[in-house]
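Hi,

Here is the structure I promised to pass on. Have a look first, and my notes follow below.

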Amino acid sequence: VFTAEPRFNVTGLQLGPVYTFFVRSRSFGGESAYTAITGSPASPPTPPYNLKVLASTADSVTIGWSVLPSLDPYTFLLSFAEENEDGDFGFLEPVGQLSAERQRTVTGLKQGISYTLAVQSQGLHESGLSSTATLSHRLASPPPPPRNLSMAFHRARSLVAEWQEPADTSAVEYYKLRVLDKTTLAPVELFFPPGTTIAQPQDLSACNTYDLVLSSCNVAGCS
């Protein structure tokens, strides 16, 4: 092969064997002696491992991963696929370009939908992408609302709010009680852990009217 470039890509090689390449220069005055160099094609890098969810919101998920120690710095490609109505997953869609970061965030996801998140690694010497490491994740949905909210004034400047928890409390991270003074339109928000069924807002006026709104909440939002 004759080329004016100082580099040449040799294709069609196999992994494993060691090859010897002979290079010489040529001009109108003749040809130089050969210079020999040996080498073998680089193997694809090892795939990432220990994929895990680092954070999840109502419409995004951040995942992280680890790689085996290597002299080559790695770059990574993150892709995702959404579960369809048949329970299958579509084609993997890359999230941005190759990046050296060992964690990435996918945004614009839907609540209550399962996703496959896939990561591949690539070595410095363009040895191709590794096999795919995958992780499945389902974005949370807001929990079911509490039931049977009631209230009554307890003393001159306080009231008692009572409720029943939803039948399924597994997705409840906290309750939010919003107390709105209909006279001043000044809202107050109070927060309570799961298992709470009674609250007593203070510093209220017996002459004013109040609206109470109680919600069950988690990372995906409130009911």
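A word on terms before the notes: strands here are DSSP runs of E, at least two residues long, and they are numbered from the N terminus. Keep in mind too that this is a predicted model.

I started with N208, which sits in the loop between strand 16 (198-199) and strand 17 (210-218). Is N208 buried or exposed? It counts as buried because its relative accessible area is 18%, and the cut-off for buried is under 20%. The N208 side chain makes a polar contact of 3.1 Å with the side chain of D181, plus another of 3.5 Å with that of T183. Leaving out residues up to four places away in sequence, N208 touches F153, D181 and T183.

Strand 17 also belongs to an open sheet of four strands, ordered 15-14-17-18 with antiparallel pairing. At the edges are strand 15 (187-192) and strand 18 (221-222), each paired on one side only. Strands 17 and 18 are joined by two bridges, and N218 stands opposite G221 of strand 18.

Now the nonpolar cores. The largest has 18 residues, and I63, W65, F80, V106, L109 and V119 have the most contacts inside it. Strand 6 (61-66), strand 7 (75-82), strand 10 (114-122) and strand 11 (133-138) each give two or more residues to this core. If you want one residue to click on, take I63: beyond four places away in sequence, its contacts include L54, L78, L117, V119 and L135. There is also a second, separate core of 13 residues, with L159, A161, V172 and V179 among them.

Cheers

Conventions
Residues are numbered from 1 along each chain as its sequence is written. This is a predicted model: local features need pLDDT of at least 70, side-chain atom pairs count only at pLDDT 80 or more; totals for chains, interfaces and linings use all residues. Side-chain values use heavy atoms; hydrogens and water are left out. Buried means under 20% relative accessible area, exposed over 50%, partly exposed in between (1.4 Å probe, protein chains only). A polar contact is a pair of N or O atoms within 3.5 Å; within protein, one must be able to donate a hydrogen and the other to accept it, and residues adjacent in sequence count only if both atoms are side-chain atoms. Contact means heavy atoms within 4.5 Å. Two strands pair if DSSP finds at least two bridges between them. A nonpolar core is a set of buried Ala, Val, Leu, Ile, Met, Phe, Trp, Tyr and Cys residues joined through side-chain atoms within 4.5 Å.
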